[in-house]
Amino acid sequence: MREDCIPTPTKEIWELIASGFENRANFPNCLGAVDGKHIRLTCPLNSGSMYFNYKGYNSIVLMAVADSKYRFVYIDVGSYGKDCDSSVFKRSTLWKSIENNEQQLPEAKSLPGIDSPKLPYFFIGDEAFGLHKHLLRPFGGTHLTVDKRIFNYRLSRARRFVECSFGILTNKWRIFHRPINVQPEFAVKIVNACIVLHNFVLERDGYNDLDTMSITGLSDISDESNIPTTRKDWLNVARNYEKTWNFPQCLGAIDGKHVQLQTPIGSGSDYINYK
């Protein structure tokens, strides 16, 4: 099933992917958007700080290339959380095959509509990746020319497909919403299975734009508020407590809950709780 859902890329497959990016993102010669995602784990036994990432929790890295239909065309799962995206991608079998000229990439071609030199096909990533003839990244800095800002905007439009793919994946398979309490070797198998199922469901059902920005399984919250405001409302609350729990004159049960966050930048220990 993996070979059916994530087939080994050939020259023809790469050309179809590039055509999709040209049609949907107006970004020609693009073979895919690449990015890494940290899959949260409970701390593995005797692992030291190998799985501890810069976000402040333990994880393994899912390095993925996505096409313009939010499908994953290549994945590399299992690198230590401490590793940066650029290092993980450079160690991947895909990048090694490109450097060794073993990957069947399409031949360089001119950009459509203009008389330009032939340009090689490439992947696109964020600032974490190193520049290469087969890997483009945005221009760095703040004082950029208009042309550079336009390029960064266009690249960002094309790169969002991998970000949205991660969003669809995590919202469809809710196990990614909490730390996975298994050993890293088993977690790798879970991630691989979810990626295969992700592509299978997209091929079968297509995608919904709402999947990239909402959490599947949660109903919409009504705009109407049920918070008591009048004396009559509070009397009804007290009557319900007395009737249900045999506890008269109670206006409600109060407690607090800690909502886990990634450590905010520059926050020091302000958000560290007693747990």
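Biologist: Is Asn 46 buried or exposed?

Modeller: Relative accessible area is read against cut-offs: under 20% is buried, over 50% is exposed, and values in between are partly exposed. Asn 46 has a relative accessibility of 84%, and therefore counts as exposed. The structure is a predicted model, and every statement here should be read in that light. Asn 46 is found in the loop between β1 and β2 (59–66). Its phi is positive, about 55°, although Asn 46 is not a glycine.

Biologist: Where does Asn 26 lie, and how exposed is this residue?

Modeller: Asn 26 is placed in the loop between α2 (11–25) and β1. Its relative accessible area is 39%, so Asn 26 is partly exposed. The phi of Asn 26 is near 55°, again a positive value in a residue other than glycine.

Biologist: Which residues take a positive phi just after α6 and just after α7?

Modeller: Gly 206 follows α6 with a positive phi of about 75°. Just after α7 comes Asn 246, whose positive phi is about 55°.

Biologist: How confident is the prediction along the chain, as judged by pLDDT?

Modeller: The pLDDT expresses the predictor's confidence in each residue, from 0 to 100. Here the chain has a mean pLDDT of 86, with 90% of its residues at 70 or more. The stretch of residues 214–224, however, has a pLDDT below 50, and beyond near neighbours in sequence it has seven contacts in the model.

Biologist: How is the length of a helix checked, and what span should α6 have at 1.5 Å a residue?

Modeller: The expected span is 1.5 Å times one less than the number of residues. Helix α6 (residues 184–205) has 22 residues and should therefore span 32 Å; its end C-alpha atoms are 31 Å apart, which agrees. For the 15 residues of helix α7 (residues 231–245), the expected span is 21 Å, and the end C-alpha atoms are 21 Å apart, in agreement.

Biologist: What does the comparison give for α5, and where does this helix bend?

Modeller: Helix α5 comprises 27 residues, 146–172, and reaches 39 Å from its first C-alpha to its last, close to the 39 Å expected. A bend of about 30° is found at Arg 159.

Biologist: Which residues does Ser 165 touch, and why does Ser 165 count as buried?

Modeller: Ser 165 lies in helix α5. Its relative accessible area is 0%, so Ser 165 is buried. Leaving aside residues up to four places away in sequence, Ser 165 touches Ala 66, Tyr 70, Arg 71, Phe 72 and His 198. In addition, a polar atom of the Ser 165 side chain lies 2.7 Å from the backbone oxygen of Phe 161.

Biologist: How does one describe Phe 151, and which residues does it touch?

Modeller: Phe 151 also lies in helix α5. At 26% relative accessibility, Phe 151 counts as partly exposed. Not counting residues up to four places away in sequence, Phe 151 touches Phe 27, Leu 136, Arg 137 and Phe 139. From C-alpha to C-alpha, Phe 151 and Leu 62 are 27 Å apart, with their positions 89 residues apart in sequence.

Biologist: Where is Gly 36 placed, and which residues does Gly 36 touch?

Modeller: Gly 36 belongs to strand β1 (residues 30–40). A relative accessible area of 16% means that Gly 36 is buried. Beyond residues up to four places away in sequence, Gly 36 touches Leu 62, Met 63, Asp 85 and Phe 166. The C-alpha atoms of Gly 36 and Asn 181, 145 residues apart along the chain, are separated by 21 Å.

Biologist: Which side chains make polar contacts with that of Gln 103?

Modeller: Gln 103 lies in the loop between α4 (93–99) and β4 (122–124). Its side chain is joined to that of Trp 14 by a polar contact of 3.1 Å, and to that of Ser 97 by one of 2.9 Å. Apart from residues up to four places away in sequence, Gln 103 touches Pro 9, Trp 14, Leu 94, Ser 97 and Ile 98.

Biologist: How many disulfides are found in the whole structure?

Modeller: A disulfide is a covalent bond between the sulfur atoms of two cysteines. A search of the whole structure finds zero disulfides. Cys 43, at 47% relative accessibility, counts as partly exposed. Cys 84, at 41%, likewise counts as partly exposed.

Note on methods. Residues are numbered from 1 along each chain as its sequence is written. This is a predicted model: local features need pLDDT of at least 70, side-chain atom pairs count only at pLDDT 80 or more; totals for chains, interfaces and linings use all residues. Side-chain values use heavy atoms; hydrogens and water are left out. Helices (H or I, at least four residues) and strands (E, at least two) are DSSP runs, numbered from the N terminus. The bend at a residue is the angle between axes fitted to the seven residues ending there and the seven starting there. A disulfide is a pair of cysteine sulfur atoms within 2.5 Å. Buried means under 20% relative accessible area, exposed over 50%, partly exposed in between (1.4 Å probe, protein chains only). Contact means heavy atoms within 4.5 Å. A polar contact is a pair of N or O atoms within 3.5 Å; within protein, one must be able to donate a hydrogen and the other to accept it, and residues adjacent in sequence count only if both atoms are side-chain atoms.
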